[in-house]
Amino acid sequence: MKKILLSLLLFCTIQTLLSQEKLGQPFFTGSANLTFAVNEHYTLDPDDGETFLIPSAIFFRMGFGYEIKKRVAISVNGGFDYHWNYAVSAFPTYVSLKYNITEDEGDNFFTEVSYGKMWRPSSNYPNGNYYRIGLGTQVAGAERWNTIVRLDFHRKGIIGFENNRLDSVSLGIGFSFF
């Protein structure tokens with residue numbers, strides 16, 4: 001991870017020194033995602049007050065990266081995940097590659113893939129791998145702030161857990177600052 005971070009920093013520095021035209025720009029990003037599960041106690045009877053979907057996990061993410069020609073972005077990220085249905089918490093650290101499918105006056109529709117390591121704070125389960133793929137939209141905001149809305153699939157490799165993994169789909173809102 002240190003080598004990737006150093007390489008990214010070196011690339012940004014060389015790019016700034018040698019480039020006469022603006023190739024890209026660095027950014028900072030953050031988000032909060034909520035995962036929903038099907039309520040086991042849901043019935044079709046509308047009088048029982050039960051909802052079909054209930055929140056089951058929350059994820060917080062922060063990272064920084066470099067966007068190249070408003071089309072491709074590479075970032076290094078970290079976060080905290082808590083799945084309260086399973087009492088599982090994790091600290092994923094990962095690298096992401098984002099591709100803007102469309103771009104219109106600062107608004108983007110994008111896809112993003114991530115791969116990294118998931119660290120576990122307890123000894124109930126060992127550390128594992130972390131994978132993510134998702135779609136989202138970035139809406140240009142005032143000055144350098146942008147709003148991000150995303151739908152992501154997360155896979156955490158946890159040996160000893162059901163099928164040695166924990167899969168989830170989340171809906172998130174976040175920001176990017178250029």
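**Asp81**

I started at Asp81, which sits in strand β3. This is a predicted model, so everything I note here is computed. Is Asp81 buried or exposed? Its relative accessible area is 0%, and since buried means under 20%, I put Asp81 down as buried.

Next I looked up which side chains Asp81 pairs with through polar contacts. One is Arg61, with the two side chains joined by a polar contact of 2.3 Å. Another is Lys156, where the side-chain contact comes out at 3.1 Å.

I then listed what Asp81 touches once neighbours within four places in sequence are set aside. There is a run of Ile58, Phe59, Phe60 and Arg61, then Val88, Ser89, Ala90 and Pro92, and finally Tyr130 and Lys156. I also checked a distance along this part of the chain: Asp81 and Ala57 are 24 residues apart in sequence, and their C-alpha atoms are separated by 7.3 Å.

**Lys156**

I followed the 3.1 Å contact from Asp81 over to Lys156. Lys156 belongs to strand β7. How accessible is Lys156? I got 0% relative accessibility, so Lys156 goes in my list as buried.

With residues up to four places away left out, Lys156 touches Phe59, Asp81, His83, Met118, Asn129, Tyr130, Asn164, Arg165, Leu166 and Ser168. Phe59 and Tyr130 caught my eye, as I had already written them down as contacts of Asp81. I also took the C-alpha distance from Lys156 to Ala90: 9.0 Å in space, with their positions 66 residues apart in sequence.

**The barrel**

I stepped back to see how the strands are arranged. 8 strands close into a barrel, running in the order β1-β2-β3-β4-β5-β6-β7-β8, with antiparallel pairing. On average, neighbouring strands of this sheet are turned by 25 degrees against each other, ignoring direction.

I went through some of the pairs one at a time:

- β1 (residues 24-38) and β2 (residues 53-68) are antiparallel and share 15 bridges. Here I found Phe28 opposite Phe64 of β2.
- β2 and β3 are antiparallel over 12 bridges. Gly65 has Ser75 of β3 as its bridge partner.
- β3 and β4 are antiparallel over 10 bridges. Ile74 is bridged to Leu97 in β4.

I looked into two of the hairpins as well. The one made by β2 and β3 has 3 residues between the strands, and Lys69 takes a positive phi near 50 degrees there. The hairpin of β3 and β4 has 4 residues between the strands, with Ala87 at a positive phi near 55 degrees.

**Ser114**

I moved on to strand β5 (residues 107-119), where Ser114 has its place. Ser114 has 7% relative accessibility and therefore counts as buried. What does the side chain of Ser114 make a polar contact with? The partner is the side chain of Ser96, at 2.5 Å.

Ser96 turns up again in the wider contact list. Beyond its neighbours within four places in sequence, Ser114 is in contact with Tyr94, Val95, Ser96, Tyr130, Tyr131 and Arg132. Tyr130 is a name I had from Lys156 too.

**The cavity**

How many cavities of 30 Å³ or more are there? I counted 1. The largest cavity has a volume of about 210 Å³. I noted 21 lining residues, with Thr29, Asn77, Glu112, Arg132 and Arg150 nearest the centre. Arg132 is also a contact of Ser114.

I checked which elements give two or more residues to that lining, and the list reads β1, β2, β3 (72-83), β4 (88-104), β5, β6 (128-140), β7 (145-157) and β8. The largest share comes from β1, with 4 residues.

**The pocket**

My last look-up was the largest pocket, with a volume of about 250 Å³. It is lined by 15 residues, and those closest to its centre are Ser56, Tyr86, Leu166, Asp167 and Ser168. Which elements give two or more residues to this lining? They are β1 and β8 (165-177). β8 gives the most, with 5 residues.

I closed the loop by going back to Lys156: its contacts include Leu166 and Ser168, and I had just met that pair among the residues closest to the centre of the pocket.

Key
Residues are numbered from 1 along each chain as its sequence is written. This is a predicted model: local features need pLDDT of at least 70, side-chain atom pairs count only at pLDDT 80 or more; totals for chains, interfaces and linings use all residues. Side-chain values use heavy atoms; hydrogens and water are left out. Two strands pair if DSSP finds at least two bridges between them. Axes are lines fitted to C-alpha atoms, for helices over the stretch in contact, and angles run from 0 to 180 degrees between N-to-C directions. Buried means under 20% relative accessible area, exposed over 50%, partly exposed in between (1.4 Å probe, protein chains only). A polar contact is a pair of N or O atoms within 3.5 Å; within protein, one must be able to donate a hydrogen and the other to accept it, and residues adjacent in sequence count only if both atoms are side-chain atoms. Contact means heavy atoms within 4.5 Å. On a 1 Å grid over the protein atoms alone, a cavity is a set of points where a 1.4 Å probe fits but cannot get out, and a pocket is an open set with protein on both sides within 12 Å along at least five of seven lines; lining residues have an atom within 4 Å of a point. Grid points are joined across faces, edges and corners, and a volume is the space filled by probe spheres set on the points.
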